[in-house]
Amino acid sequence: MDKLLEVKNLKKYYHISSNNMSSQNAVLKAVDDVSFDLGKGEILGIVGESGCGKSTLGKTILRLHDKTDGQVLYHGDDLFEMKHQEMTALRKQMQMVFQDPFSSLNPRKKISSLIDQPLRIHNYGTPAEIVEKVESIMEEVGINPHYKKRFPHQFSGGQRQRIGIARALALNPEFVVCDEAVSALDVSVQAQILNLLLDLREKHDLTYIFIAHDLAVVEFISTRIIVMYLGKIVEVASKEDLKKNRLHPYTKALFSAFPMTDPHQRDKKEKIVMGDVPSPINPPSGCHFHPRCPFAKDICRQEYPPLKELESGHFAACWLHQES
Amino acid sequence: MSEETLLSMENINVHFNTRRGVVKAVRDLSLYINKGETLALVGESGCGKSVTAHTINQLIPMPPGVIESGSVIFQGRDLLQCTQREVQDLRGTQISMIFQEPMTSLNPVFKIGDQLADVFMAHQDMKKKEALAKAVELLKLVKIPSPEKRAYDYPHQLSGGMRQRVMIAMALASPDSGLMIADEPTTALDVTIQAQILDLLNDLKDKVNMSLLLITHDMGVVAEMADRVVVMYAGRKVEEGTVYQIFDNPSHPYTLGLLNSLPSNDKYKNSTRLEAIPGNVPDLLSLGEGCPFANRCNWSSDVCNKSFPGKTELAEGHSIWCHNATKVIAEGTKTNG
Amino acid sequence: MNENIGVPELEESPLKEHWHSLRQNKTAMAGLIIIVLFLLVGIFSPVLAPMDPLEQHIELRKSAPFTNGYILGTDDLGRDLLSRLIYGARISMIIGVISVSISLFFGVIIGMISAYYGGIVDKIIMRLIDMMLAFPYILLTIVIVAVLGPSLTNAMIAIGISQIPSYARVVRASVLAEKENDYVLAERALGASDRELMFGSILPNCLAPISVQATLGVGTAILDSAALSFLGLGAQPPTPEWGLMIASSKEFITSAWWIVTFPGIATLLAVLGFNLLGDGLRDILDPRLRD
């Protein structure tokens, strides 16, 4: 499999000043030493609870945020080494679909000028060619081109998300980060958008990173899944492996907490995890999960476990499965 | 029904007058909740589930809202005929409510212990000290760790999950909490926290013998919590039954479509396409007299656009409102693997 | 699959919606009517004015209103007060528009850059703005006029410059809020340049608070120029500027009250009009003040 993207020891820290007077700034490690590869044609799901850094990771990969440390190699070239012009040119190939279809479309722009914006920025062609492209892409995502003179607020959430997708796909990218792309939508509309994303992937040979907190959605759409907790990757495995064998206690807890849509199962579930997600500003020592982990040992409190390949292609960062 | 009915709503019609026209938010809705039961009111945005809840404790802003007709009988009294004062008393003591975003329903400038104590002092004539002790007791009941200390915290010092626990404690502050209305209580929470809150609600329901009206869009939450389910679509009740009837034998085209839309559905183990319901939720302004689901429905016929169908009872307690009930049941169950 | 089922009926455009709310707001409409009247008077002053505003009839000086064929009487040099007021409206409108344009132009650029880039750029700009705000506003204006030399043009420039800080702050505050929206990030992901993001995307969404500020600003500018002219730092005689008219006739307030009163009323009305409209616009456009 061709490597499209390599993320190496990526870190993204935020300095939080609690007030202007104090010189002691807290550091929020939103993404803390994250490494993974992404092969062409994959759909890599990233799951985790709020504050785990999945969204920051997605945006840093596209260099929408600056990094603190580490590398993001796209076809072998480091994005953060690129000059402004090179980066702008590369944006044609990597795109993003956002969570909130209400705030991710400029309310003052008509649909046509929202979709033709990327085409104009990257000098797609003559005005007539651009109009033609806008109409064809609107059809492709299932919005009647007849409505192109309308404003975003005149559409429903699902239709706005289609418009967001149309924009992202206008330049025929090869890599798209979907950040909670269906989370704000009603269930029946969510299914339509998931289908659309899958259709477009087949048609345009796309590679996705699919970030979501909804485990059912990620499990359905992804080929491989990364589980994150407080800025770190705790487990990576193919969808099938992860279903069969969840190695990290957090992964187990997360999946068991997810409500199943079968009332007959309700009393059979094991309840594992207790307590709250700790603040990412001052995470627990050692393995960040140890205060909530029923299997925590001494070493878990002292040292963060490395992410290790325990089975072929199945990584986990947990002391239960390795020696220090 | 052999059980005792706690609340029943009959033929509720609620509309809102907006500048763009009349929004018929709830139409001809009837439902009941038995004592000790959890009823889930499920549907997508704009289906009228929250309006229904607000009709019960009369939190509908009027104007623009208008409760056109119907009755809400709670323990033998019609709430729609009560005075504001009477409803207010009821709201504090026998009907309590928790919301999606607990931060907005807690007063940010008071300590949570004081806010809880206030509820006791207002409705039960307690002394401050006694009320505070009761408050701590309640915080313990909702499993907040070290409740003696937490009582002196302000709302912003607590996590989202903890705040929702405080809200639940507040709802339990009444001596006989008859009915708790939970409007999307876990939607803003992470899954591991959601699981804890749902657990807590189930525990408490048994402990204090209350009924729960659970409003949610999440079929997973319904499957975990509900005894009975009412499915709503665009202001109308379209299916009603026990949780097992609804999940094992969904019979209204909308319920079928909703369950088929879930990626967690077993039938998608080896599939890469979901069976989505086509189209969008209709604009409540432009609804006709027909079945609101007709334009998205695979089984719709001419009659569907003309009038809203009557009830078809499939089993005891399991009904759907669909013109083509027999056809849908024959064909629908086949596609629902 | 027909995806266009349930597309809501075409709603009114935001502009129409605002116009509708404006029509409902009585004070704002009153303000708008006053402003439109003043604008019309200003534009058509040569047509409307019964006489030349500079023409003196010494023998008819200090004629009371409705005497000798003068509707509002004459001033101390026998010039027709009504004609002077009508031409004064034109001058006041020009002063308002030009000085607000100056403050707007620089205020928007400074506020935008400050908020968009943030960090050290923001800190430096905001400290400079704070320094400007530390001077009493009218003192600052007087200093600028004193440096440039007293004239109507320089008064406009001075008023424009000394108002820049308040515009910059309004713009900065709304840009700070607006740039957090995902659409800014979305357009950056598409490759949009900083300039396009600042002025093509963010600015149109900040127009509401800016237009409120500008409307109120026109009223302030008219008042300030009257003040400067009154002090002798603005318009010079014989310009029919309202402030100057008040200044040059203040000694007649007991003997010929109309000469000083009518320019005062005209100034008051014009400023009132802009303030009423500005407050109304704020009610309509600022969702935080709306229910």
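**Interfaces of chain A and the two domains of chain B**

Between chain A and chain C, about 2,700 Å² is buried, with 53% of that area on carbon and sulfur atoms. On the chain A side, the residues that lose the most area to chain C are A:Leu64, A:Arg108 and A:Gln154, which together make up 19% of what that side buries. The structure described here is a predicted model. In terms of contacts, 32 residues of chain A meet 25 residues of chain C.

Polar and charged interactions also cross this interface. Two kinds of pairing can be followed here, beginning with salt bridges, of which there are 2 between chain A and chain C. A salt bridge joins A:Lys109 to C:Glu187, where the closest N and O atoms are 3.4 Å apart. Polar contacts between chain A and chain C come to 12 residue pairs, with both residues at pLDDT 80 or more. Turning to secondary structure, the elements of chain A that give two or more residues to the side touching chain C are strand β6 (94-97) and the helices α3 (111-121) and α5 (157-169). The largest share of this side comes from α3(A), with 5 residues. By residue class, the side of chain A that touches chain C divides into 10 nonpolar, 13 polar and 9 charged residues.

Chain A also meets chain B. Here 36 residues of chain A are in contact with 43 residues of chain B. The two chains bury about 3,400 Å² between them, and 54% of this area is on carbon and sulfur atoms. On the chain A side, A:Val187, A:Thr261 and A:Arg266 supply 19% of the area buried against chain B, more than any other three residues.

The interface of chain A and chain B holds 1 salt bridge. This salt bridge pairs B:Arg273 with A:Asp199, and the closest N and O atoms are 2.5 Å apart. Alongside it, 13 residue pairs are in polar contact across the interface of chain A and chain B, both residues of each pair being at pLDDT 80 or more. Helices α6 (187-204), α7 (215-221) and α9 (249-257) are the elements of chain A that give two or more residues to the side touching chain B. Of these, α6(A) gives the most, with 10 residues. The side of chain A that touches chain B is made up of 17 nonpolar, 10 polar and 9 charged residues.

Within chain B, a further interface lies between two domains. Chain B is divided into domain 1 (5-226) and domain 2 (255-335), and the C-alpha centres of these domains lie 30 Å apart. Each domain supplies 11 residues to the contact. Together, domain 1 and domain 2 of chain B bury about 970 Å², of which 62% is on carbon and sulfur atoms. In domain 1, B:Arg27, B:Glu44 and B:Met219 lose the most area to domain 2, together accounting for 47% of what that side buries.

B:Arg27 appears again in the pairing between the domains, where it forms a salt bridge with B:Glu289, the closest N and O atoms being 3.0 Å apart. The count between domain 1 and domain 2 of chain B is 1 salt bridge and 1 residue pair in polar contact, with both residues at pLDDT 80 or more. Strand β2 (residues 21-34) of chain B gives the most to the side of domain 1 that touches domain 2, with 5 residues. That side of domain 1 divides into 3 nonpolar, 4 polar and 4 charged residues.

Notes. Residues are numbered from 1 along each chain as its sequence is written. Chains are lettered from A and ligands numbered from 1 in the order in which they are written. This is a predicted model: local features need pLDDT of at least 70, side-chain atom pairs count only at pLDDT 80 or more; totals for chains, interfaces and linings use all residues. Side-chain values use heavy atoms; hydrogens and water are left out. Contact means heavy atoms within 4.5 Å. Buried area is the accessible area (1.4 Å probe) that two parts lose on being put together, summed over both. A salt bridge is a side-chain nitrogen of Lys or Arg within 4 Å of a carboxyl oxygen of Asp or Glu. A polar contact is a pair of N or O atoms within 3.5 Å; within protein, one must be able to donate a hydrogen and the other to accept it, and residues adjacent in sequence count only if both atoms are side-chain atoms. Helices (H or I, at least four residues) and strands (E, at least two) are DSSP runs, numbered from the N terminus. Ala, Val, Leu, Ile, Met, Phe, Trp, Tyr, Cys and Pro count as nonpolar, Asp, Glu, Lys and Arg as charged, and the others, Gly among them, as polar. Domain bounds come from an automatic or database domain assignment.
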